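Visitor: I would like a close look at one part of this model, beginning with a helix and the strands beneath that helix, and then a careful account of how the neighbouring pieces are arranged. Please take me through the packing step by step.

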Amino acid sequence: MVKVITYGTYDLFHEGHYNLLKNAKALGDYLIVGVTSDYFDKSRGKFNVRDSLMTRIDNVRATGFADEIVVEEYFGQKIDDIKRFNVDIFTVGSDWEGYFDYLNEYCKVVYLPRTQGISSTHEAKFVSGIDIIGGYTETDAVDTIYKSHQFNDLEQFSSSKILLDEVDAVYINMPLSKRVTYIEKALQAKKHVLTEFPFSSDLDETLRLMNLAKSSNLVLMEGLKTAYSPAFSKLIAMARSGQIGKIFNVEANFTQVLGDDLENQVRIAGGSILSLAAYPLLAIFKLLGFDYNHVDFISHKVDDVDILSKINFLYDDAMASATVAINAKAEGDLVISGSKGYIYVPAPWWKTEFFELRFEDVNLNRKYFYKFEGEGLRYEIVEFLTSIRKNSESFLMSHQDMIEEVRVLDKFVSNTDVTVI
């Protein structure tokens, strides 16, 4: 008897799940199916699972392919199960190809092709309720881009119009100079839009697109990953709740030395302000609000590109500053100063995993640790889907958050209160 084992979440059970189980059963005589527990899904960064464990088990059982069903509850259980059941073949979908090669030591590993048109690629595989079917790019090097991002199993659409005809929502990551055009195309096609940051550097265009989205009852959201990080939300809530007293000053820095990649980054987004300022602006506005009295900029420019820039805000009773750079380096931390103490978030604070509340009496200091899963894309995808289902904008990155970010970028681009050194 040839025993086969496979694992999955099987949330929102669909044709792809059915076909994978059917193909897994065909590999042998006896199929064991592991269904992940709610706790294990969360511990491995799988978010937004909507069906209960029993519903997911019942859906697997209803296919008739599983001879035995087990619940996967911990890391390393696959090896234990393979040994316990004397398994001959371990199999999963091809989107995990190579990931489970280490199990070849215990049994044969087979990666099954996915059902065409039903996919869970990269970080999207950790989010239920989304199928990535393909993409479009203007560049001639389409094959190179797809292969470098391991998108070989996704359809390469020949035009944005064809893509928009096939989807319910799009993620847009075009160069900043073209982003507004593609956002407008998607909204006119009645598609929900998640777009790369910054949303724009043109305030009038931003307001126009938001009005278009609202009038069409569509979700329009900016993909600034930090905004959707659970740890960042907890950090903001803790600071705003008075844990360190009244907030007097915020210093948020994000600097990079891009070197040979500098030219490409400038082509995609621009200098340091357009490339990186969205991150510190998010922190400053979440902590101090939008009602500042003045904002100005100091920039070091090379060939008319700001390599390093500082942004300074003045409020009635607080102040804030940000340093951003694409070819210079400084400590990339976040410091929030208050009347009772301060919060320190080390670099990379924009991938918030750890922060510390510090006080004059060091015995009162408290440390907080949170896991930042992957590159953070899964967090914004979850929020994007939630906003679509609820038919509302996200409060984590609201339209007003986006507008105020663009308002600052627009000031810089229009050379308002900019000092160049």
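**Helices and sheets in contact**

Guide: Helix H4 (residues 77-84) lies across strand S1 (3-8), S3 and S4, and the helix runs at about 160° to S1. This is a predicted model, and what follows should be read with that in mind. The strands under H4 belong to an open sheet of five strands, in which the order is S3-S2-S1-S4-S5 and the pairing is parallel. Strand S3 (68-72) and strand S5 (108-112) stand at the edges of this sheet, and each has a single partner strand, so one side of each is left without a neighbour in the sheet. From one strand to the next, the twist averages 25°.

At the S5 edge, strand S4 (residues 89-93) is joined to S5 by five bridges, and the two strands run parallel; within this pairing, Ile89 has Lys108 of S5 as its bridge partner. Helix H3 (residues 53-62) also packs on the sheet, where it touches strand S2 (30-36) and S3, and the direction of H3 makes about 160° with that of S2.

A second open sheet can be described in the same manner. Nine strands form this sheet, with mixed pairing, in the order S18-S17-S16-S15-S11-S14-S13-S12-S19. Its edges are taken by S18 and strand S19 (418-420), each with a single partner strand, so one side of each is left without a neighbour in the sheet. Here the twist averages 10° from one strand to the next. Inside the sheet, strand S13 (residues 305-314) pairs with strand S14 (residues 319-325) in the antiparallel sense over seven bridges, and Thr323 in S14 is the bridge partner of Lys310. Helix H9 (residues 230-240) packs on this sheet, touching strand S11 (247-255), strand S15 (334-338), strand S16 (341-345), S17 and S18, with a direction that makes about 15° with that of S17.

Aromatic rings add a further detail, since the count of aromatic pairs comes to 23. One of these is formed by Phe354 and Phe369, a tilted pair with 4.8 Å from centre to centre and 35° between the planes. Phe354 lies in strand S17 (residues 354-359) and Phe369 in strand S18 (residues 366-369), so the pair ties together parts that are 15 residues apart in sequence.

There remain the contacts between helices. The axes of helix H7 (residues 176-188) and helix H8 (residues 203-215) come within 10 Å and cross at roughly 15°; with angles under 35 degrees counted as roughly parallel, H7 and H8 are therefore roughly parallel to each other. Their crossing is left-handed. On the H7 side the contact is made by Val180, Ile183, Glu184, Leu187 and Gln188, and on the H8 side by Glu205, Arg208, Leu209, Leu212 and Ala213. By class, these residues divide into six nonpolar, one polar and three charged.

H8 also meets helix H14 (residues 399-413), with axes that come within 9 Å and cross at roughly 160°, and H8 and H14 are therefore roughly antiparallel to each other. The crossing of H8 and H14 is right-handed. In this contact, Leu203, Thr206, Leu207 and Met210 of H8 meet His399, Met402, Ile403, Val406, Arg407 and Asp410 of H14, a group with six nonpolar, two polar and two charged residues.

Note on methods: Residues numbered from 1 in each chain as written. Predicted model: local features only at pLDDT ≥ 70, side-chain atom pairs only at ≥ 80, totals over all residues. Heavy atoms only, no water. Axes fitted to C-alpha atoms, helices over the stretch in contact; angles between N-to-C directions. Helix = DSSP H or I, 4+ residues; strand = E, 2+ residues; numbered from the N terminus. Parallel < 35°, antiparallel > 145°, perpendicular 65-115°, else oblique. Left-handed = near helix turned anticlockwise from the far one by under 90°. Contact = heavy atoms within 4.5 Å. Nonpolar A, V, L, I, M, F, W, Y, C, P; charged D, E, K, R; others polar. Pairing = 2+ DSSP bridges. Phe/Tyr/Trp six-rings, centres within 6.5 Å; stacked < 30°, edge-to-face > 60°.
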